[in-house]
Amino acid sequence: MELTHEQAQRWLLNFHGKVTDNKAYLSDLDQAIGDGDHGSNMARGTEAVKEKLASVTDESLEAVLKQTAMALISKVGGASGPLYGSAFMAMAKKAKETRDLSVLIEAGLEGIKHRGKADVGDKTMIDMWQPVATALKEGTFSQATIDQALLDVKPLKAKKGRASYVGDRSIGALDPGAVSSGYLFEALIEEVIA
Amino acid sequence: MSLGIVIASHVDHIAEGVYRLLKESAPDVSITYAGGTDDGEVGSSYALIEAAIEQNDSDTLYCFYDLGSAKMTLEMVSEMTDKDVTIIDAAFIEGAYTACALIQGGYKQTDIDAQLAPLKVK
Ligand SMILES: Nc1ncnc2c1ncn2[C@@H]1O[C@H](COP(=O)(O)OP(=O)(O)OP(=O)(O)O)[C@@H](O)[C@H]1O
Ligand SMILES: [Mg+2]
């Protein structure tokens, strides 16, 4: 499946809506195992994305992804800024060669891994991105992929990020970055895949 | 030119406080700092960290940070700048203090690296 720049715009605006609607919930999740700012960080970041996208003149997928990355890097204020920012920057680079959705998401995942030096099972947003990237590649991606990833992230013990400092207390909790990434991919289903 | 030092913290007062602590023992070392978000909240700012790197008098920098996003943001800026930036995974204050004291004392980079090695905790 190919991603167009119009679809990407709609996808990111939808993501902004979901993050804004669930801002308090994301911060509550972060309060339990971190510092309680993930909702406000992502709301501020995606608001900046919305503003940037309104003024993008270059109508290309690469430009949409790159402006998104820049907005997130400069406005989020927490680890999710460089992480989501690196994901979209990696996707923007990949978009020079291809518009294939699964290849783009895979590139985004690699961007996050490169930036945060985390991997599957560390209880981070990677535990949402990896199953989604795999399902996209295998042609099995659906809402069920996201729901399953959220179930699977709960029992993990955090090994990276703020939550890694609370030890066993992170077991049983949802990871806020995995949940916000879940919104990103729900928005993808609604705007691009459905 | 000798090494410069960059301090990146989640909190503006921490960054400034570490700067004051270091300056006392290293008055001649170029030390710049960035703390908190653009709005003065707790977090990291790409713009502030970029400014600390660009405004440092030295082109060869050792950077010290407190937690996660301060490091990741330092890395992003270091990939964009022309300066020679090394991010040191040492205990924040002890590492920065050691580096500053040794630069002030005129030590070579290899000696400084050797003294920083046992302070690596992250
Ligand atoms: N090294 C990492 N690799 C991948 N994801 C990470 C890493 N560190 C944190 N995360 C993700 O970021 C989320 C937290 O984002 P948030 O915006 O709250 O930043 P933060 O942890 O408060 O930042 P800071 O590093 O400034 O404390 C976590 O839930 C996790 O999914
Ligand atoms: Mg947080």
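Trainee: How far is an oxygen atom of ligand 1 from a polar backbone atom of A:A79?
Mentor: This is a predicted model, where local features need pLDDT of at least 70 and side-chain atom pairs pLDDT 80 or more, while totals for chains, interfaces and linings use all residues. Residues are numbered from 1 along each chain as written, chains are lettered from A and ligands numbered from 1 in written order, and side-chain values use heavy atoms, without hydrogens and water. A polar contact is a pair of N or O atoms within 3.5 Å. For the ligand 1 oxygen and the A:A79 backbone atom, the distance is 2.8 Å.

Trainee: Which residue has a polar backbone atom 2.9 Å from a nitrogen atom of ligand 1?
Mentor: On the side-chain front, a polar atom of A:H38 lies 3.1 Å from an oxygen atom of ligand 1. The backbone partner of the ligand 1 nitrogen, at 2.9 Å, is A:G116.

Trainee: How much of the accessible area of ligand 1 does the protein cover?
Mentor: On its own, ligand 1 has 640 Å² of accessible area (Shrake-Rupley method, 1.4 Å probe). The share of this area covered by the protein is 96%.

Trainee: Residues from which chains surround ligand 1?
Mentor: Counting residues with a heavy atom within 4 Å, 23 surround ligand 1. Among the closest are A:R162, A:D175 and B:H10. The site is shared between chains because the surrounding residues come from chains A and B.

Trainee: Which protein donors does the magnesium ion (ligand 2) have?
Mentor: Donors here are N, O and S atoms within 2.8 Å of the metal (3.2 Å for Na, K and Ca), and sites may look incomplete since water is not among the atoms. The donors of this ion follow the spacing D-x4-D-x1-D along the chain. Lying 2.0 to 2.2 Å from the ion, they are the OD atoms of A:D30, A:D35 and A:D37.

Trainee: Is A:D30 buried or exposed?
Mentor: Buried means under 20% relative accessible area, exposed over 50%, and partly exposed in between (1.4 Å probe, protein chains only). A:D35, at 26%, is partly exposed. A:D30 has 7% relative accessibility, so A:D30 counts as buried.

Trainee: Moving on, which residue's backbone oxygen lies 2.8 Å from a polar side-chain atom of A:T68?
Mentor: A:T68 sits in helix α4, residues 61-75 of chain A, and is buried with a relative accessible area of 1%. Beyond neighbours within four places in sequence, A:T68 is in contact (heavy atoms within 4.5 Å) with A:L12, A:V49, A:L53 and A:F88. The backbone oxygen 2.8 Å from the polar side-chain atom of A:T68 belongs to A:V64.

How values were computed: Polar contact = N/O pair within 3.5 Å; in protein donor to acceptor, adjacent residues only side chain to side chain. Helix = DSSP H or I, 4+ residues; strand = E, 2+ residues; numbered from the N terminus.
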